[in-house]
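I opened this entry to record what I looked up, topic by topic. Cores come before the sheet, and the cavity search comes at the end.

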Amino acid sequence: MTYKETIQYLYDSVPMFQNLGAGAYKEGLSTTHCLDEYFQHPHRRFKTIHVAGTNGKGSVSHTLAAILQSEGYRVGLYTSPHLVDFRERIRVNGEMVNEQYVVDFVEQYRPVFEPLRPSFFELATAMAFKYFADQKVDIAVIEVGLGGRLDCTNIITPELAVITNISLDHTQFLGDSVEKIAAEKAGIIKPHVPVVIGECVGTPTVRAVFETKAKEQGAPIFLAEQEVHPQREFELKGCYQECNARTIQSAVSHLPFCVSDEAIADGMAHVCQLTGLMGRWQQTETSPRVICDTGHNSGGWEYLGRQLAEIPDLRMVVGMVSDKDVRHVLGLMPRHAHYFFTSASVTRAMPADEFATFAREAGLEGEVYPDVKTAVDAARRTADASTTIFVGGSTFIVADYLATRQ
């Protein structure tokens with residue numbers, strides 16, 4: 001098979017949460033343990049950092065990887081979802097896994113995994129761990145896919161666990177309160193492994209969940225909000241990144257090995273260049289200015305909404321998936337903008353006309369477009385050099401937009 005054929009085979013043969021949502025979700029770790037045993041536990045051959053949280057875990061994971069690269073380590077990075085190419089999920093020192101490795105992995109191990117019927121994420125995780133072992137990485141930063149306790153990345157015993165924050169998202173899987181969601185994410189806390197919590201001081205019940213779990217596990221717990229670290233230049237410019245920057249510096253300070261100030265500064269200042277991070281308040285064009293951001297839930301839009309409200313001449317190309325709290329997010333979007341409602345090219349996407357109906361009920365005005373490219377082109381036609389066009393509302397809206405730029 002070619003690489004393109006291999007990826008299509010994966011999309012067609014194993015359930016993919018990115019497209020199907022609940023239909024692709026597999027609770028439990030039995031399949032993961034079977035794959036891990038077959039590959040002889042590759043994750044035990046390198047050190048790891050485990051990153052969970054409702055928002056910010058991608059930015060934190062990429063930046064930690066960038067800092068460790070700057071220190072001179074050979075660093076694996078496993079994140080999800082991808083935006084344009086599956087290989088974005090699996091990187092070593094910023095370089096995506098090569099196409100031939102993906103093809104060879106699928107062709108060689110199909111007789112092993114097909115009877116197990118793994119999910120897309122279970123198979124991708126097994127591939128990532130094996131690749132990192134094959135590449136002899138020193139350390140890998142592993143982003144949790146969903147939740148924590150039952151996420152298939154949770155077979156690792158890391159050097160450090162990080163939980164960025166908690167807000168309501170994926171409630172159909174993780175629970176209908178922030179305390180229940182916190183309990184799921186606290187499942188990554190391992191015996192005697194230090195854990196950094198990015199944000200929880202303002203929610204005492206969530207803080208109690210983490211502190212109780214850490215005490216049960218004998219794990220040292222550190223609250224990033226209560227620590228003081230130097231102000232540093234951070235390449236990622238969304239206002240929500242202030243919290244992430246604090247979490248990152250706290251995490252680095254509690255690693256069981258030293259990282260220099262120079263490496264911290266270099267990694268934070270060049271994270272996109274070093275790791276290929278995309279879609280975080282990313283400016284892709286200048287006249288008109290086009291910015292895309294993968295913020296897709298209420299926690300993310302608490303920040304995005306405030307930042308966008310300060311931009312006077314604003315066009316919004318937006319869409320969402322059907323399993324999000326659409327009404328709440330729409331209530332956080334700026335009222336003064338003109339909207340271009342659209343739909344991403346994934347099965348979970350909410351139809352554009354349905355999304356527009358909810359948006360108009362929330363007081364947002366605009367027109368409906370059948371796909372992201374058409375919507376962005378329409379926004380450009382109404383813009384001038386002083387206009388900002390924002391593309392987002394869903395990770396998959398950003399993915400479709402970035403794919404048109406390849």
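Which residues have the most contacts inside the largest nonpolar core? I noted Y78, F86, I90, M127 and F132. That core holds 38 residues. I kept in mind that this is a predicted model.

Next I looked up which elements feed this core. At least two residues each come from α1 (3-13), β3 (90-92), α5 (99-113), α6 (120-134) and β5 (139-143). The most comes from α6, which gives 11 residues.

I then took M127 and set aside its neighbours within four places in sequence. What is M127 in contact with? I listed F86, I90, Y101, V102, F105 and V106. Two of these names, F86 and I90, I had already written down among the residues with the most contacts in the core.

I also checked for a separate core. Another one, of 30 residues, lies apart from the core just described. Its members include I49, L77, A224 and I264.

Then I turned to the sheet. In what order do the 6 strands of the open sheet run? I read β9-β10-β14-β11-β12-β13, with mixed pairing. At the edges I found β9 (282-286) and β13 (366-368), each of which pairs on one side only. From one strand to the next, the twist averages 20 degrees.

I picked one strand pair from this sheet for a closer look. Strands β11 (residues 314-318) and β12 (residues 338-341) run parallel, and 4 bridges join them. Within this pair, V317 stands opposite F340 in β12. As a general note, strands of a sheet pair through backbone hydrogen bonds, either parallel or antiparallel.

Which helix lies across β11, β12 and β13? I identified α15 (residues 352-361). The angle at which α15 runs to β13 is about 160 degrees.

Last, I looked for enclosed space. How many cavities of 30 Å³ or more does a search of the whole structure find? I got 1. The volume of the largest cavity is about 90 Å³.

I wrote down the lining of that largest cavity in full: T32, L35, D36, F39, P42, E122, T125, A126, F129, C152 and I155. Two elements, α3 (30-38) and α6, give two or more residues to this lining. The largest share, 4 residues, comes from α6. So I closed with α6 entered under two headings: α6 gives the most to the largest core, and α6 also supplies the largest share of the cavity lining.

How values were computed:
Residues are numbered from 1 along each chain as its sequence is written. This is a predicted model: local features need pLDDT of at least 70, side-chain atom pairs count only at pLDDT 80 or more; totals for chains, interfaces and linings use all residues. Side-chain values use heavy atoms; hydrogens and water are left out. A nonpolar core is a set of buried Ala, Val, Leu, Ile, Met, Phe, Trp, Tyr and Cys residues joined through side-chain atoms within 4.5 Å. Buried means under 20% relative accessible area, exposed over 50%, partly exposed in between (1.4 Å probe, protein chains only). Contact means heavy atoms within 4.5 Å. Two strands pair if DSSP finds at least two bridges between them. Axes are lines fitted to C-alpha atoms, for helices over the stretch in contact, and angles run from 0 to 180 degrees between N-to-C directions. On a 1 Å grid over the protein atoms alone, a cavity is a set of points where a 1.4 Å probe fits but cannot get out, and a pocket is an open set with protein on both sides within 12 Å along at least five of seven lines; lining residues have an atom within 4 Å of a point. Grid points are joined across faces, edges and corners, and a volume is the space filled by probe spheres set on the points.
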